[in-house]
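Me: I have a protein model open and would like to talk it through with you. Could you take my questions one by one?

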Amino acid sequence: MPVRQESFHIISSIRANLESCILGKSFEIQLLMTALLAGGHVLIEDVPGTGKTQMIKALAKSMRGDYRRIQCNPDILPSDITGVSIFHPRDERFYFRPGPVMTNILLADEINRATTKTQSALLEVMEERNVTVDGETHELPVPFMLCATQNPIDFEGTYMLPEAQLDRFMLKISLGYPDAETEKNLLLRHQEGQPVDRLQPVAHMEQIAAIQKEIRGVHISDVVTTYLLDIVRATRENSTVLLGASPRAALSFVMAVKAFAFLHERDYVLPDDVKRLAPYVLAHRLLLRPEARMENSNAAGVVQAILRQVNVPVQLERG
């Protein structure tokens with residue numbers, strides 16, 4: 001399936017929009033685009049002020065679709081996200097009043113400040129792409145993407161995300177601080193206001209939905225699939241890992257590498273795509289044993305060690 005030039009032009013235009021707002025983070029923008037095109041969700045973990053929210057706003061503004069933002073805090077209720085049924089006295093019936101989740105791009109800012117009960121309200125949204133209120137199921141718009149941010153430093157008033165919810169995020173990424181030259185350019189650009197406010201839409205949500213279907217046809221050979229599965233299964237057999245990557249993680253991994261290949265104008269997946277994305281797809285899904293954490297081991301280091309151990313295929317078949 002050759003990559004349609006029209007599709008790649010749309011993707012390139014969105015990337016250009018994002019790179020005009022978030023300077024020096026080209027690869028992180030590729031990761032965000034990968035999750036969007038693969039139909040997945042993204043968790044962005046970083047310290048305040050690194051551009052997490054601005055990047056999501058720029059993505060939403062680049063596409064003509066609905067965008068909502070939730071500022072998570074301990075007071076927010078599940079119904080504040082999903083919506084509520086309101087009784088209308090004249091009609092003597094209940095009407096569903098949609099919550100902010102009924103959108104194309106949903107930003108859950110500082111998601112770890114919401115209580116576990118509220119976080120659990122997002123599980124159905126992330127997996128089933130619908131919400132159930134008073135026994136009635138309501139479908140979400142297509143496409144739908146949840147982008148959540150969290151601060152890894154401030155632990156006061158925060159709640160850890162449960163493993164079941166972490167497993168539903170396709171990718172976890174971090175932006176980090178810009179280098180000196182990039183930060184200087186950032187200061188100069190912001191003197192005229194926020195760059196995201198000057199962005200113009202370059203795509204429609206209908207086009208994104210069509211590209212998502214197109215990406216499913218990207219070829220991944222049996223050899224590369226076996227390599228990907230060897231990495232996933234190695235996380236379950238590693239002596240420092242208490243909880244390895246799930247079958248859901250493997251499915252997310254396949255869709256992510258297909259979208260990543262598509263971003264690079266290829267209709268087939270390379271082993272390099274698998275190696276490049278593995279830390280971002282798998283690390284946040286691993287739960288290390290207590291003794292490993294005491295020795296300052298971390299999930300990202302475990303994934304890198306596994307990548308060094310698993311043999312990379314040198315012969316590929318094209319479909």
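Reply: Gladly! One definition to begin with: accessible areas here come from the Shrake-Rupley method with a 1.4 Å probe. Please keep in mind that this is a predicted model.

Me: Thanks! What share of the exposed area do carbon and sulfur atoms supply?
Reply: The protein exposes about 15700 Å². Of that area, the part supplied by carbon and sulfur atoms is 51%.

Me: How many helices and strands are there, and why can the protein be called as compact as a globular protein of its length?
Reply: The protein holds 13 helices and 13 strands. For 319 residues the globule rule gives 20 Å, and the protein is as compact as a globular protein of that length because its radius of gyration is close to that value, at 20 Å.

Me: What percentage of the contacts between residues at least 6 apart join residues at least 24 apart, and what percentage of residues count as buried?
Reply: Taking contacts between residues at least 6 apart in sequence, 79% join residues at least 24 apart. As for burial, the share of the 319 residues that count as buried is 50%.

Me: How far apart are the mean positions of the positive and negative charges?
Reply: There are 34 positive and 39 negative charges in the protein. The distance between their mean positions is 2 Å.

Me: On to the strands. Are the faces of S1 covered or hardly covered, and which residue of S10 is the bridge partner of valine 42?
Reply: Strand S1 (residues 42–45) is covered on both faces, with Val42 and Ile44 buried on one side and Leu43 and Glu45 buried on the other. S1 runs parallel to strand S9 (residues 145–150), joined by 4 bridges, and there isoleucine 44 stands opposite threonine 149. With strand S10 (residues 171–173), S1 also pairs in the parallel sense, over 3 bridges. The partner of valine 42 in S10 is leucine 171.

Me: And S5: how many of its residues are buried, and which residue in the turn of its hairpin with S4 has a positive phi?
Reply: Strand S5 (residues 93–98) is hardly covered, since the count of buried residues among its 6 residues is 0. S5 runs antiparallel to strand S4 (residues 83–88), with 6 bridges between the two, and phenylalanine 87 is paired with phenylalanine 94. The hairpin has 4 residues between its strands, and the one in the turn with a positive phi, about 55 degrees, is glutamate 92.

Me: Why does valine 125 count as buried, and how far is its C-alpha atom from that of phenylalanine 144?
Reply: Valine 125 lies in helix H5 (residues 116–128). Its relative accessible area is 0%, so it falls under the 20% cut-off for buried. Beyond four places in sequence, valine 125 touches Val101, Asn130, Val131, Leu140 and Phe144. Phenylalanine 144 is 19 residues away along the chain, yet the C-alpha separation is 9.3 Å.

Me: Last one: where is isoleucine 111, is it buried or exposed, and how far is its C-alpha atom from that of threonine 158?
Reply: Isoleucine 111 sits in the loop between strand S6 (105–109) and H5, and because its relative accessibility is 0% it counts as buried. Leaving aside neighbours within four places, its contacts include Leu43, Cys72, Leu122, Thr149 and Phe169. Threonine 158 is 47 residues from isoleucine 111 in sequence, while their C-alpha distance in space is 8.6 Å.

Note on methods:
Residues numbered from 1 in each chain as written. Predicted model: local features only at pLDDT ≥ 70, side-chain atom pairs only at ≥ 80, totals over all residues. Heavy atoms only, no water. Rg over C-alpha atoms; globule rule 2.2 N^0.38 Å. Buried < 20%, exposed > 50% of the residue type's maximum accessible area, 1.4 Å probe, protein only. Contact = heavy atoms within 4.5 Å. Lys, Arg positive; Asp, Glu negative; His and termini not counted. Charge placed at Lys NZ, Arg CZ, Asp CG, Glu CD. Pairing = 2+ DSSP bridges.
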